Amino acid sequence: MSSDCFGSDGALTGYDKWRQSRWEEIAGPEGKASLIAHRPITEPGQEVPEVPGRWTSTGFSGSLTLTAARAEDVSVDGHAVDGTVELTSASRLSFPGGRRGTIEELRGAHALAVWDPAAPTLVGLREIEAWPWDPAWAVEAEYRPADAGRLLEVTRLTSPSMRDTFLAPGDFVFDLQGERHTLRAFDVGSDTLLITFTDDTSGTDTPGMGRWLILPRPRHTTDTARIDFNRALIPHHVFSAAFPCPLPPRENHLPLRIEAGERAPVFEEEAAPGTTTGPAV
């Protein structure tokens with residue numbers, strides 16, 4: 001195994017540390033596999049089936065309020081709700097049964113995300129299957145900034161599906177297996193870029209909705225970046241259908257098999273005898 005995986009003293013380094021942090025992100029106490037609902041708030045007095053309370057939004061630039069009686073056992077930032085309270089994206093909500101809520105913004109509207117520590121997708125998750133680490137899948141890429149304000153429209157996995165628009169500030173150009181390829185990147189904030197892509201494993205060995213690469217945004221137009229397909233992620237929608245994940249644009253299909261990175265989640269009913277909790281490293 002490569003030195004990217006183990007140090008001279010046998011301690012985990014590099015790729016395997018990343019795999020462990022990825023496992024915590026998905027299956028930890030507040031992991032993404034615990035999301036059970038992502039509900040846009042669009043009507044006055046709207047009810048959300050998963051939690052008590054009535055919700056009212058006046059639009060993204062307006063306010064979002066929650067109305068609940070003390071007997072409904074709802075709290076905001078540690079304070080019990082008995083009446084109507086105004087919420088912000090920083091609000092942290094608690095509900096009966098250990099469920100919690102966060103406020104998000106999606107396409108000019110407020111949305112309530114509900115998380116449940118007893119979600120079947122969390123308690124039944126046993127592994128995130130991945131290909132073995134292989135240095136051949138890490139390449140140097142040229143970053144090519146796009147015209148200022150370039151937008152790209154994509155489909156989000158909601159019910160029903162919806163179209164959304166992302167800033168697409170640049171492209172990554174690289175050589176892989178003797179061919180030149182280009183991937184467009186989305187701006188997702190905090191100097192972070194997201195690449196959503198499909199390849200010839202999509203729909204068979206990996207999810208049909210594609211996979212993700214998350215990269216820091218290059219600081220200069222002449223910068224290069226290291227694209228490591230060993231760190232390709234399966235979308236959060238695979239762990240919980242409540243995530244409104246974007247589908248890859250058609251420009252981001254790679255006409256080859258990328259046999260690197262994450263492949264699929266393994267849930268309890270699928271796990272082979274002897275499977276242990278945690279990522280295979």
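Select Asp205 first: in this predicted model it is partly exposed, with a relative accessible area of 24%. Add Arg257, which forms a salt bridge with Asp205 in which the closest N and O atoms are 3.0 Å apart. This pair links distant parts of the chain, since Arg257 sits in the loop between β19 and β20 (262-267) while Asp205 sits in the loop between β17 and β18, 52 residues apart. Arg257 is likewise partly exposed, with a relative accessible area of 33%. To see what surrounds the pair, extend the selection to Glu129, Glu259 and Arg263, which are linked with Asp205 and Arg257 in a network of salt bridges.

**Two further salt bridges**

The structure holds 22 salt bridges, and two others are worth a stop on this tour. Select Asp187 and Arg217, which form a salt bridge with their closest N and O atoms 3.0 Å apart. Asp187 lies in strand β16 and Arg217 in the loop between β18 and β19, so the pair ties together parts that are 30 residues apart in sequence. With relative accessible areas of 23% for Asp187 and 33% for Arg217, colouring by accessibility should show Asp187 as partly exposed and Arg217 as partly exposed.

Next select Asp175 and Arg180, another salt bridge, with the closest N and O atoms 3.0 Å apart. Is each partner exposed or partly exposed? Asp175 is partly exposed, with a relative accessible area of 45%, whereas Arg180 is exposed, at 52%.

**Two residues with positive phi**

Stay in this part of the sequence and select Gln177, which is found in the loop between β15 and β16. Its phi is positive, at about 50°, although Gln177 is not a glycine. Most residues other than glycine have a negative phi. Gln177 is exposed, with a relative accessible area of 56%.

Then move to Asp73, in the loop between β4 and β5 (75-76). Asp73 also is a residue other than glycine with a positive phi, here near 60°. Asp73 is exposed, with a relative accessible area of 51%.

**The nonpolar cores**

Now hide the loops and show the side chains of Phe172, Phe174, Phe197, Ile227, Phe229 and Ile258, which, of the 22 residues in the largest nonpolar core, touch the most other members. To see which strands contribute, select β12 (138-145), β15 (170-176), β16 (179-187), β17 (192-197), β18 (211-216) and β19 (224-228), each of which supplies at least two residues of this core. A second, separate core has 17 residues, including Ala68, Val81, Phe95 and Ile103.

Returning to the largest core, centre the view on Ile227, one of the residues that touch the most other members. Which residues is Ile227 in contact with, leaving aside its neighbours within four places in sequence? The contacts are with Trp137, Ala138, Val139, Ala141, Phe172, Phe174, Leu213 and Leu215.

**An open sheet and a hairpin**

For the sheet, select the four strands β2, β3, β4 and β7, which form an open sheet in the order β2-β3-β4-β7 with antiparallel pairing. At its edges are β2 (46-47) and β7 (83-87), each of which pairs on one side only. Inspect the pairing of β3 (residues 54-57) with β4 (residues 64-68), where four bridges join the two antiparallel strands. For a single example to display, take Thr56, whose bridge partner in β4 is Thr65.

The hairpin is found by selecting β13 and β14, which have five residues between them. Six bridges join β13 (residues 151-156) to β14 (residues 162-167), and these strands run antiparallel. Here Thr155 can serve as the example, its bridge partner in β14 being Arg163.

**Where to read with caution**

Finally, colour the chain by pLDDT, whose mean is 88, with 88% of the residues reaching 70 or more. Select residues 1-12, where the pLDDT is below 50 and where the model has 21 contacts beyond near neighbours in sequence. Then select residues 270-281, where the pLDDT is again below 50 and where the model has 18 such contacts.

Terms used: Residues numbered from 1 in each chain as written. Predicted model: local features only at pLDDT ≥ 70, side-chain atom pairs only at ≥ 80, totals over all residues. Heavy atoms only, no water. Pairing = 2+ DSSP bridges. Core = buried A, V, L, I, M, F, W, Y, C linked by side-chain atoms within 4.5 Å. Buried < 20%, exposed > 50% of the residue type's maximum accessible area, 1.4 Å probe, protein only. Contact = heavy atoms within 4.5 Å. Salt bridge = Lys/Arg side-chain N within 4 Å of Asp/Glu carboxyl O. pLDDT = per-residue confidence, 0-100.
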